[in-house]
Amino acid sequence: MTLFREAVVDLGAIAENYRVLRERVGVPALAVVKADAYGHGAVPVAKTLEAAGADALGTADLDEALALRAAGIAAPILCWLHGPDTDFAPAVANRIEVAVSSVEQLERLARAARAAAASDVPVHVKIDTGLSRNGLAPELATELFARAAALESERVLRVRGLMTHVSNTSPEDDRAALELFAQLTTAARDAGLDPELLHAAATAAALRIPDSRLTMVRLGIGLYGLTPFDDESSAELGIRPAMTLRAQVAAVRRVPAGAGVSYGYTHRTPRPTTLALIPLGYADGIPRQASGYATVAIGGVTCRNVGRIAMDQFVVDVGDADVRVGDEAVLFGDASAGVPSADDWAAAASTINYEIVTRIGDRVPRTWIGA
Ligand SMILES: *Cc1c(COP(=O)(O)O)cnc(C)c1O
């Protein structure tokens, strides 16, 4: 039975996607569960991935990683985006690995290690090789590596990994970033470090640039069964979308030709028709930008949204179909089941599937199946 509003998350699909992708890349794979596991529910997804044998889990923030430990996740966890006031003491206390992007962060982690009387605390160094975002600027690498080597010889920290992130701009741009990463890896070794984990690839690079796999990949979007590519679908990649967003039709109305629909009457019905009300809106993460373009499946019929998507609701034109209050309306799910996909919504809103699933709001209960 469909709830009033509901995001159904198939944990079995996530476990299977992990196995399929892990097998394809052939190297250890860290499973990325940041941002509430891309909107799918961090704790149930992390438990599923741990049970599926994930080599490690990854989050952006330390707080996300701590929440997983508090929920009983034992797998290695890495986090890589820190604020100026982030206290690394809980990371040391909870065996959470930190990737640092500056000498200042390295020193902060070293202080936390010393305060806890911990030794050889593992650290990854995140290096920026082109994106101009998070990560150490390459020209500062020599300084950081020297400092890290000194902390290693004092048995405070141990550089377990070097990481970077590529831009997916073009094969040439990604090759240049990987080449720079290889040079910096050599520089780290010359400084006396011996990082066992070298990781650069997210889902897109892991699938298309075999040389980017190094000793580990970091898989995010693919685990959720969504494609990072414009020109290759989930089905073509052999993965299955895990989230189905659905709701009960909240009202049905027969209207004559010329009826205005929603704010601004951006749509007037061209002929007598039946309109169905879907109780999800931009407060629930439904992109208002998709107004007039998005489609929904009701009882196997694909219906187009008409009029503006509002905060809590939007309208679809079901024509002469026999739609009733309480019928299930599927906004997106697995396209091979004949329903629209998150990719369709992304296209309708001029965005990417990542944004469609991560923005589903707290008012939409998650139901987990397939555990
Ligand atoms: C989010 C993220 C990933 C996962 O990216 P996908 O494209 O979802 O596979 C990998 N690495 C880092 C550093 C990230 O921030």
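1. A convenient place to enter this predicted model is a single pairing, in which Cys79 stands opposite Val98 in strand 5. That pairing belongs to the contact between strand 4, which covers residues 77–79, and strand 5, the two being joined in the parallel sense over 3 bridges.

2. Strand 5 itself, made of residues 96–100, is mostly covered, since 5 of its 5 residues are buried. In a regular strand the side chains alternate between the two faces of the sheet. In strand 5, Ile96, Val98 and Val100 point one way while Glu97 and Ala99 point the other way, and all of them are buried; a reader may wish to note that the charged residue Glu97 is included in this buried set.

3. Strand 5 also pairs with strand 6 (residues 121–126), to which it runs parallel and is joined by 3 bridges. Within this pairing, Ala99 is found opposite His124 of strand 6. The connection between these strands involves helix 6 (residues 103–115), and strand 5, helix 6 and strand 6 together make a right-handed β-α-β unit.

4. These strands sit in an open sheet of 8 strands, whose order is 8-7-6-5-4-3-2-9 and whose pairing is parallel. The edges are formed by strand 8 (197–199) and strand 9 (217–219), each of which pairs on one side only. From one strand to the next, the twist averages 30°.

5. Towards the strand 8 edge, strand 7 (residues 157–163) pairs with strand 8 in the parallel sense, again over 3 bridges, and the bridge partner of Leu162 in strand 8 is Leu198. Two helices lie across this part of the sheet: helix 7 crosses strand 6 and strand 7, running at about 145° to strand 7, whereas helix 8 (residues 171–190) lies across strand 7 and strand 8 and runs at about 165° to strand 7.

6. How are helix 6 and helix 7 arranged with respect to each other? Their axes come within 10 Å and cross at roughly 10°; angles under 35 degrees count as roughly parallel, and the two helices are therefore roughly parallel to each other. On the side of helix 6 the contact is made by Val103, Leu106, Glu107, Ala110 and Arg114, and on the side of helix 7 (residues 141–153) by Glu143, Leu144, Arg147, Ala148 and Leu151. By class, the residues of this contact divide into 6 nonpolar, no polar and 4 charged.

7. The model also holds an open sheet of 9 strands, with the order 11-14-17-16-15-18-10-1-19 and mixed pairing. Its edge strands are strand 11 (251–255) and strand 19 (366–369), each pairing on one side only. Neighbouring strands of this sheet are turned against each other by 35° on average, when direction is ignored.

8. Helix 1 (residues 11–25) packs on this sheet of 9 strands, where it touches strand 1 (5–10) and strand 19, and its direction makes about 35° with that of strand 1. Elsewhere in the order, strand 15 (residues 295–298) and strand 18 (residues 328–332) run antiparallel and are joined by 2 bridges, with Val330 of strand 18 as the bridge partner of Ala297.

9. Taken together, the points above concern an open sheet of 8 strands with parallel pairing and an open sheet of 9 strands with mixed pairing. For a reader new to the model, strand 5 offers a useful starting point, being paired with strand 4 and with strand 6.

Notes: Residues are numbered from 1 along each chain as its sequence is written. This is a predicted model: local features need pLDDT of at least 70, side-chain atom pairs count only at pLDDT 80 or more; totals for chains, interfaces and linings use all residues. Side-chain values use heavy atoms; hydrogens and water are left out. Buried means under 20% relative accessible area, exposed over 50%, partly exposed in between (1.4 Å probe, protein chains only). Helices (H or I, at least four residues) and strands (E, at least two) are DSSP runs, numbered from the N terminus. Two strands pair if DSSP finds at least two bridges between them. A crossover is right-handed if, with the strands pointing away from the viewer, the path from the first strand over the helix to the second runs clockwise. Axes are lines fitted to C-alpha atoms, for helices over the stretch in contact, and angles run from 0 to 180 degrees between N-to-C directions. Angles under 35 degrees count as roughly parallel, over 145 as roughly antiparallel, 65 to 115 as roughly perpendicular and the rest as oblique. Contact means heavy atoms within 4.5 Å. Ala, Val, Leu, Ile, Met, Phe, Trp, Tyr, Cys and Pro count as nonpolar, Asp, Glu, Lys and Arg as charged, and the others, Gly among them, as polar.
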